[in-house]
Amino acid sequence: MADNPDQSESANQAIAPPSAIVSICARFENDPNRMLDILLDVQDQFRWISGETMEVVASQTGLSRVQVEGVASFYSFLSQSPKGRITIRLCDDIIDRFAGLAEITGLFERELGVKVGETSADGAFSLETTPCIGMCDQAPAAMINDVVVTKLTPARAREIVAALKRGEQPEDIAHGPKDDLSPYEQAIGMVENNIRLGGDVLLGSVPKEAGLKKAIATKPASIIDTVEAAGLRGCGGAGFSTGKKWRFAAAEPSERRIIICNADEGEPGTFKDRVLLTERPDLLVEGMTIAARATGAREGLIYLRGEYIYLRAHLEDVLAERRERALLGEKILGVDGFDFDIRIQIGAGAYICGEEGALISSCEGLPGEPKTRPPFPVNCGYLGFPTVVNNVETFCHAARIMDRGADWFFEMGCEGSHGTKLFSVSGDCRKPGVYELPYGLSLLELLELAGAEEAAAVQVGGPSGTMIDRANFHRKLGFDDLATGGAVIIFSGQRNILEIVEYYMSFFVHESCGYCTPCRVGNVFLQKAIGKFRKGLANPEDIDYMRDLSATIIETSRCGLGMTSPNPILTTLENFPLVYSAVTKPTSDRIRATFDIQSAIEDARKLAKRRSHIFDEDFTK
Amino acid sequence: MSDPDFTFTIDGKTIAGKPGQTIMEAADEAGVYIPRLCDHEGLRHQGGCRICTVKAEGRSVAACTQPAAAGVVVESETDHINKLRRDLVEMLFHEGNHLCPICEASGNCELQAMAYRLDMTAPTKFPFLEPCRELDASHPDIALDTNRCISCGRCIRASQDIDQKGIFGYVGRGIHRRVAVNGNNLAGTDADIADNAVSADVCPVGCIIRKGVGFATPIGEREFDQGMIGTDIEGKRRD
């Protein structure tokens, strides 16, 4: 296979010998459910996944090649063409754009001699962009292979390229060349926590294992009662009662149950789980262990988004240490029959995997497509077993609730939204970072804390949430008013709302899994429609068109992505109508602006290799 | 597991349901047609095209995957729901290159037939995406034009579950998601003209083409020239 002429034509292409692929598969016991790990390893070692490689993986794992290709082609971090030894992924979030991404991009392109999307001829570098990597509080940011660099300036970017060209390791560039750093020190050496305000529950002082010790002193059923009585609701955004979820999973008759932590923090503008994973990993694992105790689960998974792979060693450290201290593994804290262990599943660049069913699909080695509901994961989840999927923050809260009691938690916050919440604040403010505050405070209070005097528009809950204007800043943060998984993205009056909306729509187009028609196709149409407004080609009736199309997408989509993807358009139409009407004034000659003759004839003009006598006004010039 | 049979209603009609049945399965048995494209008799349900969207107790669900339950009030043939369905059919038309006058599937095409059923008679408001994917004519008996594919996945399920072959599969994500073959091209697979997956019934559009028989049945005498899509199911109804 190594003699394949298709492969030998470029000396710089890493050719994966079948024997190496066979041993990668063997490391994962040829288990098709570990497909994502297998392909990530192949990508890591050989920098691409060729058709021949897919054949080998398929035969080792008992799948067909097209099934392997289905996975390889789904995730952004897997590639079917050769990538450089160093892949630089510039974070292309709207916050990064406003923080000077264009200049940084230009600089990388010039210094590396490649454009975004290209790989250098010597196979050394690939330059790409990627959606939000969870560093909005320190934008512009980028991934270099598995590490993260933040607060990029042109000078820093130049320095990075020079160091990479000298052959320095990305790790050393990201956190300084120190050998004796622990994984934790490495992580905080490259990414700042930016904890601006610690509250009583998560970011204040947290006694170790206090919740777990109380949990083993009580019956599993009463753990669930406590969590339910505390009023804890899922912190990922959907807000389902955590106690109920655990109760359903515990009630389903089954030999195996699974606890999964959703650490696929992909909603643009959200980064609070990054901070918890860095600073409170023990609390997270403690919460998962309590959930295992409550439901009778023996297996756990932490689904860590590929963008946070720099935290893997740190988390593995924590898990290993807990195993040593009998906090994981068999007979936890000496309790007979209390066995529970956790494996980390790394993602590979797919926002949709934050959706519960898609996350489970991804853990099973499949493309990250949501599952048909019902059955629900609590009844039939990972590999068909009852599965609890909770957000990082939710597990941390649960551990604290077990320690301090349901009443303590219930009394914080407001009706329907109890306890505290971590807010990821970014954008046009003086103090971006993480704030832990009780639910029920007004957005205005949070903006004051963050030093956002210039705020003119705030995206609460990320693109799938709500964009609100000043008149709504008094509204309360909580499930029943302004719901958010944590993101609070602040825009000053200098920012172009339509640019933000167009960016968010392109994000959803990029991240739709494509399973259902309305989300796959409808979002592309919405993106094109908003593009017309941006170009000044929209008619007043295009507003109705967008509303109408949005309604269809929301009503017919299969999962939460399509049910919320029109929100950037709908909420700005609602709260910033003048932004739209300003660019849809009827033209003076009453010609419909919609039809752009110049772009319509562009293809013909190229084919004919001449200009149009009729439509190119400057033809004679 | 001996849950009793039950009844529920679709647009006011009483429908008999058995435990484990989806709304669509029960409706089909009762002779009530719910429009669908990705669903096909004998294949697993997918719930991808969303044409079979109905309201169950006021909530939008896909009838092909939503379990029927006792007493549920289902709405299907309302103006609002048919408008949603028409939007979805239009999306599929605009996503691919569906030029009925030059397509050999015309008259047998379920997408075209669905457009007629849902009164998609005027030019539509959506932009055309005009994909330009390579035609795969490598196989002696079968050709594949994925520019006409509507991603229903019926061929994938038929090949996996009925033929036990797995010739087709989805690759890519989002708007780039498409049906691909298990190999470099169709000739490189063990696809056979006798496969269920490539039978005239399975591909609802003109994507999987059986060579040499395209116009064996002339236009005007084809399946949907005889009657509107869904009439076979509606013919079963007795009231």
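Me: Two strands pair if DSSP finds at least two bridges between them; helices (H or I, at least four residues) and strands (E, at least two) are DSSP runs, numbered from the N terminus. How many bridges join strand β7 of chain B to strand β8 of chain B?

Reply: This is a predicted model, where local features need pLDDT (the predictor's confidence in each residue, from 0 to 100) of at least 70, side-chain atom pairs count only at pLDDT 80 or more, and totals for chains, interfaces and linings use all residues. Residues are numbered from 1 along each chain as its sequence is written, while chains are lettered from A and ligands numbered from 1 in the order in which they are written. Strands β7 (residues 168–171) and β8 (residues 178–181) of chain B run antiparallel, and the number of bridges joining them is 4.

Me: Which residue takes a positive phi in the hairpin of β7(B) and β8(B)?

Reply: B:Val171 stands opposite B:Arg178 in β8(B). The hairpin has 6 residues between the strands, and a positive phi near 80° belongs to B:Gly172.

Me: Which element gives the most to the side of chain A that touches chain B?

Reply: Taking two residues as in contact if their C-beta atoms, placed from the backbone, lie within 7 Å, the contact takes 32 residues from chain A and 33 residues from chain B. At least two residues each come from α5 (65–72), α21 (497–511), α22 (517–535) and α23 (541–556) of chain A. With 8 residues, the element that gives the most is α22(A).

Me: Lovely. Where is the loop with A:Pro140?

Reply: The peptide bond from A:Ala139 to A:Pro140 is cis, with omega near -10°. Most peptide bonds are trans. A:Pro140 sits in a loop of chain A, between β2 (125–130) and β3 (142–144).

Me: And what is omega for the cis bond joining A:Pro374 and A:Pro375?

Reply: A:Pro375 is found in the loop between α17 (356–363) and β9 (387–391) of chain A. For the cis peptide bond of A:Pro374 and A:Pro375, omega is about 5°.

Me: Does A:Asn30 count as buried, exposed or partly exposed, and why?

Reply: A:Asn30 lies in the loop between α2 (18–27) and α3 (35–46) of chain A, and its phi is positive, near 50°. A residue is buried if 20 or more other C-beta atoms lie within 10 Å of its own, exposed if 12 or fewer, and partly exposed in between, with C-beta atoms placed from the backbone. Because A:Asn30 has 15 C-beta neighbours inside 10 Å, it counts as partly exposed.
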